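User: I would like to go through the cysteines, the charged side chains and the surface patches of this protein. Please reason through each point before you give the value or name.

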Amino acid sequence: MEEEDDERRHKGLKPRIREFGSKRESRELLQAHKGAINLEGMVGKVQVVQASSAASGQPGFYCKVCDVTVKDSMSYLDHINGKNHQRMLNRSMKVATETVDDVLRKLGELRKAKQRQNMDNADYNFYEQVKRQQQIDHKKRLKRKEARKRYRTSHAEPKATDSNADNFAGGEDADDIGLILGISSFGSTKR
């Protein structure tokens with residue numbers, strides 16, 4: 001009977017309805033996913049799927065177990081967590097009940113993991129790190145200040161003396177410079 005149901009599933013048909021009172025097959029209880037579901041892993045890639053049904057040729061997320069194609073990632077996640085997919089994996093939708101001992105054991109594991117993480121971070125001291133960063137920033141500021149000072153001293157214009165100021169006030173040197181630059185006068189063209 002199971003072989004016949006498997007053949008019907010492979011063809012895309014529903015399994016035969018069992019008579020009332022027949023022995024129901026035992027299924028595993030619902031479990032959490034063991035690994036992460038990689039939805040971005042096949043982006044931009046083409047995968048050839050055997051055309052066992054019309055759904056396998058459509059674009060989207062394809063489930064090999066159920067031979068179903070869904071349009072987007074949210075629908076795919078809904079399908080994976082759904083009743084039909086779990087039934088095809090021979091799982092029931094019932095969740096295993098945990099005892100107090102199981103909960104305490106899990107809490108102990110989590111506590112130990114957190115302690116291990118804290119021991120790894122024990123060498124890290126926030127205040128020392130802040131002090132180091134402030135020292136680095138202070139050194140950078142001093143270097144910038146020195147560089148600015150060097151630039152200003154190397155590019156500074158010589159200070160004009162009284163004799164130079166007289167020459168630029170309108171003497172012969174000013175006329176010669178104007179002729180060199182091609183400027184005859186700074187006056188208006190209107191008379």
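**Charges, cysteines and surface patches**

User: Which residues gather in a patch of positive charge on the surface?

Analyst: This is a predicted model, and what follows is computed from its atoms. One member of the positive patch, Arg148, lies in helix H5, which covers residues 126-154, and with a relative accessibility of 44% Arg148 counts as partly exposed. The residues that gather in this patch of positive charge are Lys140, Arg141, Arg144, Lys145, Arg148, Lys149 and Arg152.

User: How many disulfides does the structure hold?

Analyst: A disulfide is a covalent bond between the sulfur atoms of two cysteines, and for the count a pair of cysteine sulfur atoms has to lie within 2.5 Å. The sulfur of Cys66 has its closest cysteine sulfur in Cys63, at 3.9 Å, and therefore the two are too far apart for a bond. The number of disulfides in the structure is zero.

User: Is Cys63 buried or exposed?

Analyst: A residue counts as buried when its relative accessible area is under 20%. For Cys63, which is in no disulfide, the relative accessible area is 5%, so the residue falls under that cut-off and Cys63 is buried.

User: What is the relative accessible area of Cys66?

Analyst: The cysteine sulfur nearest to that of Cys63 belongs to Cys66, which makes the surroundings of Cys66 worth checking as well. Cys66 is classed as buried, because its relative accessible area is 15%.

User: Which residues make the nonpolar surface patch of about 470 Å²?

Analyst: One of the residues in this patch is Leu107, which lies in helix H4, residues 100-120. Leu107 counts as partly exposed, because its relative accessibility is 44%. The nonpolar patch of about 470 Å² is made by Val100, Val103, Leu104, Leu107 and Leu110.

User: How far apart are the N and O atoms where the side chains of Arg105 and Asp102 meet?

Analyst: Side chains of opposite charge can pair when their charged atoms come close. Arg105 and Asp102 both lie in helix H4, where they are three residues apart, about one turn of the helix. Both are partly exposed, Arg105 with a relative accessible area of 47% and Asp102 with one of 25%. A salt bridge requires a distance within 4 Å, and the side chains of Arg105 and Asp102 meet in one with an N to O distance of 3.7 Å.

User: Which residues are linked in a network of salt bridges?

Analyst: Besides its bridge to Asp102, Arg105 forms a salt bridge with Glu109, in which the closest N and O atoms are 3.4 Å apart. Arg105 and Glu109 are four residues apart in helix H4, about one turn of the helix, and Glu109 counts as partly exposed at 40% relative accessibility. The residues linked in the network are Asp102, Arg105 and Glu109.

User: Which residue forms a salt bridge with Glu128?

Analyst: The partner of Glu128 also lies in helix H5, four residues away, about one turn of the helix. Glu128 counts as partly exposed at 44% relative accessibility, and its partner is likewise partly exposed, with a relative accessible area of 43%. The closest N and O atoms of this pair are 3.8 Å apart, and the residue that forms the salt bridge with Glu128 is Arg132.

User: How many salt bridges does the count come to?

Analyst: Arg105 pairs with Asp102 and with Glu109, while Glu128 pairs with Arg132. With a nitrogen-to-oxygen cut-off of 4 Å, the count of salt bridges comes to three.

Key: Residues numbered from 1 in each chain as written. Predicted model: local features only at pLDDT ≥ 70, side-chain atom pairs only at ≥ 80, totals over all residues. Heavy atoms only, no water. Buried < 20%, exposed > 50% of the residue type's maximum accessible area, 1.4 Å probe, protein only. Patch = residues over 30% accessible without salt bridge, like charges linked within 9 Å, V, L, I, M, F, W, Y side chains within 5 Å. Areas by Shrake-Rupley, 256 points an atom, 1.4 Å probe, with all protein chains shown as cover. Lys, Arg positive; Asp, Glu negative; His and termini not counted. Charge placed at Lys NZ, Arg CZ, Asp CG, Glu CD. Helix = DSSP H or I, 4+ residues; strand = E, 2+ residues; numbered from the N terminus.
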